[in-house]
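Please look over the sequence and the model below before reading on. The report that follows takes up confidence, sheets, one arginine and the cysteines in turn.

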Amino acid sequence: MTSRSTLTAWLAGLDAPRLGRALALRKDASALPEPRSLDELAERLLRPGSVALALPQLPLPCLQAAEALAALGTPMSCGALAKALGATTHTAVRELDAVLEALADRALVWPDGDGRLRMAAPLRQAWEAPLGLDAPLEELLEGVTSEELRGMLVALGIKPPGTRQQRTAAVLHHHVDPERIVSMVAKAPPSARELLEHRARSAPRHTEFIVFGAPEPDSRPGERWALDRGLLIRNRHGYRPARMPAEVALALRGPDWHAPFDPVPPAAEMVSVAAAEVEREAAAAATGFAALAASVLSVCSSAPPARLKSGGIGARELVRIGKAAQADDLAVRLVLEVAYSVGLMTRDGHRVAPTQKYDAWAAQEPAVRFAVLLQAWWNLPLTPSQARDEENKALPALAGAPPCDGCLQARRGLLTAAARLPEGLGARIATDLGPLVAWHRPLAHLSFQDEAPFATAVREAELLGVIARGSLSPLGAALLAGNAEVLATECRRLLPKATGTARLGSDLTAVVSGTPAASLAELLDATADRETSGMASVWRFSASSIRRALDSGRTPDKVSAELAAIAEGSRAALPQPLSYLIADAARRHGRVRVAPAACVIHGDEPSLLAELAAHRGLSPLGLRQLAPTVLVSASTPDQTLAALRDQGYAPVAEAPDGTVRVEKVPAQRAAAVPTARKPSAKTGGRLMTHTAAEVSEAVDSHAVAVRLLAAPPTLPDPDPFGVGGPFGTDTEEIVAGYAKQLTYTDVRQLSHALDTGTDITVEYVTASGSRTVRTLSRLELDPPYLEAWCHLREAERVFTLSRIHGVMPV
C-alpha cells in the first residue's frame with residue numbers, strides 16, 4: 001500500500017475532533033478550501049511544503065523519533081523503533097508513545113492496519129543523512145555494473161550467479177547479516193578496519209574537492225579492500241568519496257548502539273517565585289515599555305529618521321533617537337521594528353515617518369497601545385533587536401530582512417518552555433531557559449549576537465513583560481494561548497491608565513508617574529527635554545527648551561497657561577523658578593531677527609530705492625526695504641539685474657569684496673562637426689566612420705522590418721518569467737522564489753551549481769549595505785538561505801538568497 005492509501009485508511013478511522021486537530025496543526029491547510037474527501041486531505045497532508053511547515057513546531061524527541069524512522073525505513077513496529085531509540089524501560093516506552101501520538105496528530109507518522117508505523121514520504125527528505133547514515137545498500141547498488149557485482153561476490157567467496165539481478169540479490173543477502181559483516185571486518189587489514197570503523201561513526205560527506213597531487217579515491221589505505229567487498233560503494237560522480245551502505249554502518253556500530261532519544265527536557269536551576277511577584281514585575285516592565293515606545297515614536301514624529309542608501313536606519317540615527325528618548329539601542333530597534341510591522345511607520349522618500357495610524361494609536365490608552373505592539377512582536381518573522389550580522393558588522397534597523405521562521409520559533413519555544421515549568425518555580429537566571437528553548441524548538445534560530453543560547457529572545461521577552469522572574473507572566477500565557485481578547489484583558493488589568501498631569505518642581509523638572517497621555521507628552525516634549533523614561537518619566541525645563549516652544553509659535557502666556565493646566569493639584573500659578581525662566585526667555589526671544597534674502601540692492605539715493613520698492617513691475621522680485629539706502633531681493637542676483645534693466649534702470653553687479661563686477665560675455669562659437677574619414681589602406685577598411693546619411697543609405701530600414709516581422713517568435717525554453725514554459729528544475733523554482741534580484745540566466749547558473757556541486761562566484765549585498773564578491777563551495781540550499789564554504793573568509797557562511805545580486809562562473 002502507498003503512503004497516501006495508508007494515510008487515507010488511517011484518517012477514515014479517526015473521530016471528528018481528532019481529524020480536525022490533525023488538519024488544524026498543519027497551518028498551511030487552514031488557508032486552503034475544505035477538502036472534499038479523505039483522499040484529497042491525505043494528498044494535501046503529504047505535500048512536501050506541508051511537511052516542512054510542521055517540522056519547526058516539533059520538540060526534540062519528536063524530531064529524534066522521526067529521524068530514526070527516516071533512517072531505518074518504514075513500515076516498522078513500535079517495538080523495533082523503541083529498541084532503535086534505546087527506549088526499553090516502562091517509562092521510556094510511555095514517553096515514546098506520547099511522542100508517536102504527537103507525530104500522528106500532525107499526520108507525519110501513523111499506524112497501518114497491522115499496527116506498524118508508516119511515515120509521510122517527504123519526511124525522509126528532511127534529513128540529508130539521518131542518524132549519520134547513507135542510503136541503503138539496495139539503492140547504492142543501482143549504479144554498480146554487473147561485472148563489479150561479480151568481483152564483489154568473488155572477493156566475498158561466493159560463486160557469482162548469471163544475471164545482474166541475481167548477483168545484486170546475492171550481495172544483499174550476504175550483507176543483511178550484521179554478525180557476518182562484523183566478522184569480515186575483524187579479519188580485514190588494519191588500514192581498512194580503521195577506515196571502516198571511522199566511516200561508520202561519522203556522517204557521510206557528500207562533497208570533497210580533489211587537489212593536484214592528492215591520491216586517487218581508490219588508492220587510500222584500505223579503501224580498495226572495502227570497495228572490492230561491497231562494504232563501500234564507489235561514488236559515480238568520481239570526485240566524491242565512496243559511500244558506506246546504511247546496513248554496514250549499523251552493523252559496525254554494534255548491537256548496543258541506539259539512536260539519541262531525549263524525551264525529558266534538560267534541567268534548569270529553579271527558584272521559588274510567587275505569582276504576585278511575577279505579575280508585579282511584568283506590569284512594571286510592560287508599563288515601562290509602553291512609555292518608552294511612546295517616547296521613541298514621538299521622537300520619530302518630530303524628526304523622522306533618515307534612511308541609508310542601502311536601506312534601513314543607520315547607527316547614527318539610532319543613537320540620536322535613543323538619546324532623545326532615553327532608550328538603549330535594543331529597545332529602540334525593538335520599538336521601530338514592531339511599529340513598522342503594524343503600519344505605525346512607513347517609508348516616506350529618504351525617511352521613515354509615522355503614519356496617520358500612529359496618530360490614532362497614540363491617542364489610545366497605554367493598555368491598548370501596548371497590546372498592539374506585543375501582538376506584533378509575537379508574530380514578527382525576524383529578531384527585531386539583532387544589531388550584528390554573521391560577520392559581526394553593524395546592522396541597520398528596518399533593513400528589510402527576509403522572513404525567518406526560525407526566529408519566530410525561538411519566541412514560540414521560549415514561551416512554551418516557560419509554560420512547562422513547575423507551578424511556583426522560575427529559572428534562577430532567565431537565560432537558563434535557553435537550553436529548554438532548544439529542546440522545545442530544535443529548529444529555532446540563534447541570533448548571531450547571542451552569548452548564551454537564545455539570550456536575545458529572553459531579553460526581548462523580559463523587556464516586554466512576557467517573562468518575569470524567570471517565569472511565564474499572564475501576558476505571556478495570553479500570547480501562547482493565541483486569544484486576543486484575553487490578551488487585551490490582561491493588558492488592561494496590569495497597565496495603568498494614561499496620566500494627564502505632571503508634578504512641576506522648583507528644580508525646573510516635570511515628573512510624570514506611569515505612562516503620560518499623548519497630549520501631555522507632546523506638550524512636555526515641546527517645552528522641556530526628556531531625561532528619563534519608564535515607570536516614571538522626567539523632563540527638565542531650560543532656556544533652550546522654552547525658546548524652542550516660542551519658536552514653534554507659542555506665546556509666553558500660552559506656555560504658562562498650558563503648563564499650569566497640566567500641573568498636579570490644578571494650581572493656578574507655576575513654580576516661581578519656572579515662571580522666571582519663561583519670562584526671561586520671552587524677553588530675549590526675537591531681539592535678533594533673520595530674514596531670507598537672495599541678494600542686496602543698495603545705493604546713495606533713498607528716493608530711488610523707495611521708487612524701486614514701490615515699482616509694480618518689480619514686485620516678482622519680492623523687494624523689501626530694510627533701510628533708506630538698502631533693499632533685499634528674494635531673487636538671485638542675475639534675475640534681479642535682468643528685471644531692473646527691463647524696467648529701464650541701469651544697475652551694476654558687485655563682487656563679494658564690494659568692487660564692481662565686470663560682465664564680459666564670451667563670444668559664441670558653433671561646435672566643430674567631425675567629417676567622415678575614408679578607410680585607410682593600413683587598416684584594410686576595417687575601421688570606418690560614417691555620417692548619418694551614409695548609415696541610412698547602407699541600411700534599408702524597410703527590409704530590416706520585414707525580416708524582423710517574418711522571423712518566428714523564439715522564446716527561451718523554459719521561460720518562467722515570461723509567457724513560455726515552467727522552470728527547468730525544482731531547484732530553479734525554489735531559487736527564483738527567494739532570489740528576486742537575479743535574472744533567469746543567473747537563477748539557472750546558481751541552480752546548476754547547487755545540483756552538480758560545483759563552485760560559483762556571487763555578488764552579495766550584506767545586511768550593512770556593502771557589496772562584496774564571494775567564491776563559494778559546498779553549496780547547500782536551505783531556503784531562504786544558502787549555506788556554503790566561503791573562500792574569502794575560509795569558513796562556513798550562511799548567505800541570504802534575496803541578497804545575491806549576481807552570479808558568475810568560477
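## Confidence of the model

Over residues 673–699, how many contacts beyond four places in sequence does the model have? For this stretch, where pLDDT stays under 50, the model has eleven such contacts. Residues 206–219 also keep a pLDDT under 50, and here the model has 21 contacts beyond four places in sequence.

These values belong to a predicted model, and they should be read beside the overall score. The protein averages a pLDDT of 82, with 83% of the residues scoring at least 70.

## The four-stranded sheet

Four strands form an open sheet, arranged in the order E9-E10-E12-E11 with antiparallel pairing. Because strand E9 (503–504) and strand E11 (529–532) stand at the edges with a single partner strand each, one side of each is left without a neighbour in the sheet.

Within this sheet, strand E10 (residues 509–513) runs antiparallel to strand E12 (residues 536–540), and five bridges join the two. A reader who wishes to find this pairing in the model can start from Ala-510, which stands opposite Trp-539 in E12.

## The three-stranded sheet and helix H30

A further open sheet consists of three strands in the order E13-E15-E14, and its pairing is likewise antiparallel. Its edge strands are strand E13 (599–602) and strand E14 (624–627), each of which pairs on one side only. On average, and with direction ignored, neighbouring strands of this sheet are turned by 30° against each other.

The pairing of E13 with strand E15 (residues 630–633) is antiparallel and extends over four bridges, and Val-600 stands opposite Val-632 in E15. Helix H30 (residues 606–614) lies across E13, E14 and E15, and the helix runs at about 25° to E15.

## Strands E16, E17 and E18

Strand E17 (residues 771–782) is joined to strand E16 (residues 760–765) by six bridges, and the two strands run antiparallel. In this pairing, Val-762 stands opposite Arg-774 in E17.

Strand E17 also pairs with strand E18 (residues 785–790), again in the antiparallel sense, over five bridges. Here two acidic residues face one another across the strands, since Glu-780 stands opposite Glu-787 in E18. How many residues lie between E17 and E18 in the hairpin that they form? There are two residues between these strands.

## Surroundings of Arg-554

Arg-554 is found in the loop between helix H27 (543–551) and helix H28 (556–566). The side chain of Arg-554 makes a polar contact, at 2.9 Å, with the side chain of Glu-562.

Which residues are in contact with Arg-554, leaving aside its neighbours within four places in sequence? They are Leu-523, Ala-526, Ala-549, Val-559 and Glu-562, so Glu-562 appears both in this list and as the polar partner of the arginine side chain.

## Cysteines

A search of the whole structure finds zero disulfides. Two cysteines may be described by their accessibility, beginning with Cys-78: is this residue buried or partly exposed? Cys-78 has a relative accessible area of 33% and is therefore partly exposed, whereas Cys-407, with a relative accessible area of 12%, is buried.

Methods:
Residues numbered from 1 in each chain as written. Predicted model: local features only at pLDDT ≥ 70, side-chain atom pairs only at ≥ 80, totals over all residues. Heavy atoms only, no water. Polar contact = N/O pair within 3.5 Å; in protein donor to acceptor, adjacent residues only side chain to side chain. Contact = heavy atoms within 4.5 Å. Pairing = 2+ DSSP bridges. pLDDT = per-residue confidence, 0-100. Axes fitted to C-alpha atoms, helices over the stretch in contact; angles between N-to-C directions. Disulfide = S-S within 2.5 Å. Buried < 20%, exposed > 50% of the residue type's maximum accessible area, 1.4 Å probe, protein only.
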